[in-house]
Amino acid sequence: MSKLFETTRIKNLTIPNRFIRSATYTGMAGDDGTVTPREIRFIVNQAKGGVGLIITGYAYVLKDGQARTRQLGIYSDALLPGLTQMVKAVHEADTRIVAQVVHGGAFSAKGLTGVKAMGPSAIPATVGKMGSFPRCRAMTQDDISGIVEGFRQAAIRAKKAGFDGVQLHGAHGYLFSQFLSPFFNKRTDEYGGSVENRARIVIETYEQVRKEVGENYPVMIKMNVTDFLDGGISTDEAVQAASIYSKAGIDAIELSGGTGWGWLILGDYNRTAHRIIQDEGYYRDVAKLLKQKVSVPIILTGGILSYDVAEQIVRDGIADYVGLCRPLIREPNLVNRWKSGDTGRSDCISDNGCVLELSRGKNLECVHLATKNNT
């Protein structure tokens with residue numbers, strides 16, 4: 001049997017194969033972040049497709065951490081009924097589910113939250129190729145303490161709702177990613193400067209979360225290994241940060257890259273794909289390096305479209321798990337197809353057309369498949 005279909009464990013979480021549905025914003029929640037029947041149907045469809053673990057899309061831990069419309073919320077106990085229903089539906093499909101918890105930081109939307117965005121450092125209003133970036137104020141120590149508390153409460157809710165773990169979102173230019181990135185973080189206090197200082201807010205958050213959920217409950221992180229920004233995080237710094245997270249007790253690390261700044265200001269949404277479109281597994285070199293430094297499982301996400309590539313990644317010890325997102329939007333049953341012996345490459349072309357539809361207020365779906373079905 002292929003190693004891809006081995007049963008593994010992360011803390012008390014048993015995962016029946018090495019395929020993980022990597023988180024993505026679906027735009028299917030209610031205006032206040034409530035789970036909707038539509039979002040449950042979307043998630044369950046992917047659960048039935050054979051992935052071993054699903055990670056939810058962006059679930060904001062405080063109301064002022066919302067970045068886009070119709071994002072999933074986990075900031076209030078009032079949201080627990082819908083979250084519990086989502087978990088129950090996925091479990092009934094015989095799949096596990098982890099809640100991705102996040103704060104938008106500088107990318108939080110004032111038009112949705114009613115308050116000015118805050119980040120590690122102040123950012124002036126900026127006009128870019130695809131729009132304007134509003135002013136962002138620098139966070140105070142009280143703000144940081146409030147963020148840590150928000151994540152602590154969100155983790156309590158995730159466990160209460162029945163989620164099988166939580167993933168701290170430290171990628172894609174959201175708050176934890178901003179603190180780690182020297183592009184966004186210009187602080188001179190204990191949260192700025194060295195990698196250890198820039199990773200401090202994550203460690204403080206992790207420690208509070210761990211106290212609440214217990215030692216056997218999986219607490220993971222998704223992190224950037226590159227921002228694709230001049231002056232952003234370097235590979236060496238990312239590896240150093242990942243080592244810090246691992247030593248603190250984080251149970252699994254998912255690798256990703258890029259920021260919303262690249263799209264809004266530089267107008268370069270597809271920079272990742274354009275850079276290495278011929279090479280599946282965008283961050284495999286970093287994963288290979290990181291595996292020599294940490295003992296916790298590594299999830300490699302980004303551009304993996306072929307069964308043979310996925311198998312090589314696991315067989316050669318480059319990563320422990322394969323993260324899939326866009327291919328599952330194109331073909332939710334992809335993992336079941338591969339398991340059946342039909343190991344043909346995904347038809348996904350990694351052009352982010354599905355995500356761009358969200359920015360236009362449309363459904364999260366493969367635009368090419370939709371066009372094909374309408375012809």
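A residue counts as buried when its relative accessible area is under 20%, and the close-up views below, all taken from a predicted model, apply that cut-off throughout.

**View 1. Strand β13 and its parallel neighbours.**
Strand β13, residues 219-226, has eight of its eight residues buried, so this strand is largely enclosed by the rest of the structure. Strand β12 (residues 166-170) pairs with β13 in the parallel sense over five bridges, and within this pairing Gln167 has Met220 of β13 as its bridge partner. A parallel pairing over six bridges also joins β13 to strand β14, which comprises residues 252-257, with Leu255 of β14 serving as the bridge partner of Met223. Between β13 and β14 the chain passes through helix α8 (residues 235-248), and the resulting β-α-β crossover is right-handed.

**View 2. Strand β14, covered on both faces.**
In a regular strand the side chains alternate between the two faces of the sheet. In β14, Ala252, Glu254 and Ser256 lie on one side while Ile253, Leu255 and Gly257 lie on the other, and the residues of both sets are all buried, so that both faces of the strand are covered. Because six of the six residues of β14 are buried, the strand is largely enclosed by the rest of the structure. Gly257 in β14 stands opposite Thr226. β14 also pairs in the parallel sense with strand β15 (residues 298-301), over three bridges, and in this pairing Glu254 stands opposite Ile299 of β15.

**View 3. Helix α4 and the residue that follows it.**
Helix α4 is formed by 21 residues, 141-161, which at 1.5 Å a residue should span 30 Å, and the C-alpha atoms at its ends are 30 Å apart, in agreement with that expectation. An α-helix has 3.6 residues a turn, so residues three or four places apart point the same way. The buried residues of α4 include Ile144, Ile147, Val148 and Phe151, and also among them are Asp143, Arg152 and Arg157, together with Ala154, Ala155, Ala158 and Ala161. Just after α4, Gly162 adopts a positive phi of about 100 degrees.

**View 4. Met139 in the loop leading to helix α4.**
Met139 is located in the loop between β11 (136-138) and α4. With a relative accessibility of 4%, Met139 counts as buried. Although Met139 and Met118 are 21 residues apart along the chain, their C-alpha atoms are separated by 5.8 Å.

**View 5. The second largest cavity and its lining.**
Searching the whole structure yields two cavities of 30 Å³ or more, and the second largest of these has a volume of about 30 Å³. The second largest cavity is lined by Thr24, Tyr25, Thr26, Gly27, Glu39, Gly57, Tyr58, Arg70, Gln71 and Leu72. Sorted by class, this lining has three nonpolar, five polar and two charged residues. One of the lining residues, Tyr58, lies in the loop between β4 (53-55) and β5 (59-60). Tyr58 is buried, with a relative accessible area of 4%, and its C-alpha atom is separated by 8.0 Å from that of Gly73, a residue 15 positions apart from Tyr58 along the chain. Arg70, which is also among the residues lining the second largest cavity, is found in the loop between β5 and β6 (72-73).

**View 6. Two loop residues with positive phi, Arg70 and Lys11.**
Arg70 takes a positive phi of about 55 degrees although it is not a glycine, and at a relative accessibility of 24% Arg70 counts as partly exposed. Lys11 likewise is not a glycine, yet has a positive phi of about 55 degrees. Lys11 is found in the loop between β1 (8-10) and β2 (13-15), where, at 33% relative accessibility, Lys11 counts as partly exposed.

Note on methods:
Residues are numbered from 1 along each chain as its sequence is written. This is a predicted model: local features need pLDDT of at least 70, side-chain atom pairs count only at pLDDT 80 or more; totals for chains, interfaces and linings use all residues. Side-chain values use heavy atoms; hydrogens and water are left out. On a 1 Å grid over the protein atoms alone, a cavity is a set of points where a 1.4 Å probe fits but cannot get out, and a pocket is an open set with protein on both sides within 12 Å along at least five of seven lines; lining residues have an atom within 4 Å of a point. Grid points are joined across faces, edges and corners, and a volume is the space filled by probe spheres set on the points. Ala, Val, Leu, Ile, Met, Phe, Trp, Tyr, Cys and Pro count as nonpolar, Asp, Glu, Lys and Arg as charged, and the others, Gly among them, as polar. Buried means under 20% relative accessible area, exposed over 50%, partly exposed in between (1.4 Å probe, protein chains only). Helices (H or I, at least four residues) and strands (E, at least two) are DSSP runs, numbered from the N terminus. Two strands pair if DSSP finds at least two bridges between them. A crossover is right-handed if, with the strands pointing away from the viewer, the path from the first strand over the helix to the second runs clockwise. The expected span of a helix is 1.5 Å times one less than its number of residues.
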